[in-house]
Amino acid sequence: EQIYTAEEIGGARTIERLSFATKPKDAYAEPFTAESIKIYLAETTKADCLDKTWTASTDLELVYSDTDIIIGDQEWETFEFDAPFNYSGEKNLVVVVIHMRIYLI
């Protein structure tokens, strides 16, 4: 989970995509293929993740789902949502990214 405050976001808006810095800090790290990625958003009263409790899955809205995504082959990875998220600007925003990665041994 990641929490973004209402002040950071700056008001009500429709969110249609998210971008994450994905270039590995380790210059020798190789890009990898995520078998699947799902991104969920929700408005929350939580200010941070320090209490180590997860947002209930029933409160989350699935906005992105895809398979076989290469991560780390570019500096930023942008995920165009399957459905836009209407953010009211009244609460904080929680972002949950779930990904599965295949490890070959």
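In this predicted model, R17 is partly exposed, with a relative accessible area of 42%, and its side chain takes part in contacts with two acidic partners, E16 and E80. The salt bridge between R17 and E80 brings the closest N and O atoms to 3.0 Å from each other; this pair links distant parts of the chain, since R17 belongs to strand β2 (residues 13-21) and E80 to strand β5 (residues 76-87), 63 residues apart. Through shared partners, the salt bridges join E16, R17 and E80 into one network. Within this network, the side chains of E16 and R17 meet at 3.9 Å, N to O. E16 counts as partly exposed, at 42% relative accessibility, and E80 is likewise partly exposed, with a relative accessible area of 44%.

A search of the whole structure finds three salt bridges, among them one formed by E1 with K46, in which the closest N and O atoms are 3.0 Å apart. This pair, too, links distant parts of the chain, with E1 in the segment before β1 (2-4) and K46 in the loop between β3 and β4 (61-71), 45 residues apart. E1 counts as partly exposed because its relative accessibility is 23%, whereas K46, with a relative accessible area of 16%, is buried, as this value falls under 20%.

Apart from the salt bridges, a patch of negative charge is found on the surface, where E35, D66, D68 and D82 gather. Of these residues, E35 lies in strand β3 (residues 32-44) and, at 32% relative accessibility, counts as partly exposed.

Key:
Residues are numbered from 1 along each chain as its sequence is written. This is a predicted model: local features need pLDDT of at least 70, side-chain atom pairs count only at pLDDT 80 or more; totals for chains, interfaces and linings use all residues. Side-chain values use heavy atoms; hydrogens and water are left out. Patches are made of residues with over 30% relative accessible area and no salt bridge: like charges are joined within 9 Å, nonpolar side chains (Val, Leu, Ile, Met, Phe, Trp, Tyr) within 5 Å. Accessible areas come from the Shrake-Rupley method with a 1.4 Å probe; for residues, only the protein chains shown count as cover. A salt bridge is a side-chain nitrogen of Lys or Arg within 4 Å of a carboxyl oxygen of Asp or Glu. Lys and Arg count as positive and Asp and Glu as negative; His and the chain ends are not counted. The place of a charge is taken as NZ of Lys, CZ of Arg, CG of Asp or CD of Glu. Helices (H or I, at least four residues) and strands (E, at least two) are DSSP runs, numbered from the N terminus. Buried means under 20% relative accessible area, exposed over 50%, partly exposed in between (1.4 Å probe, protein chains only).
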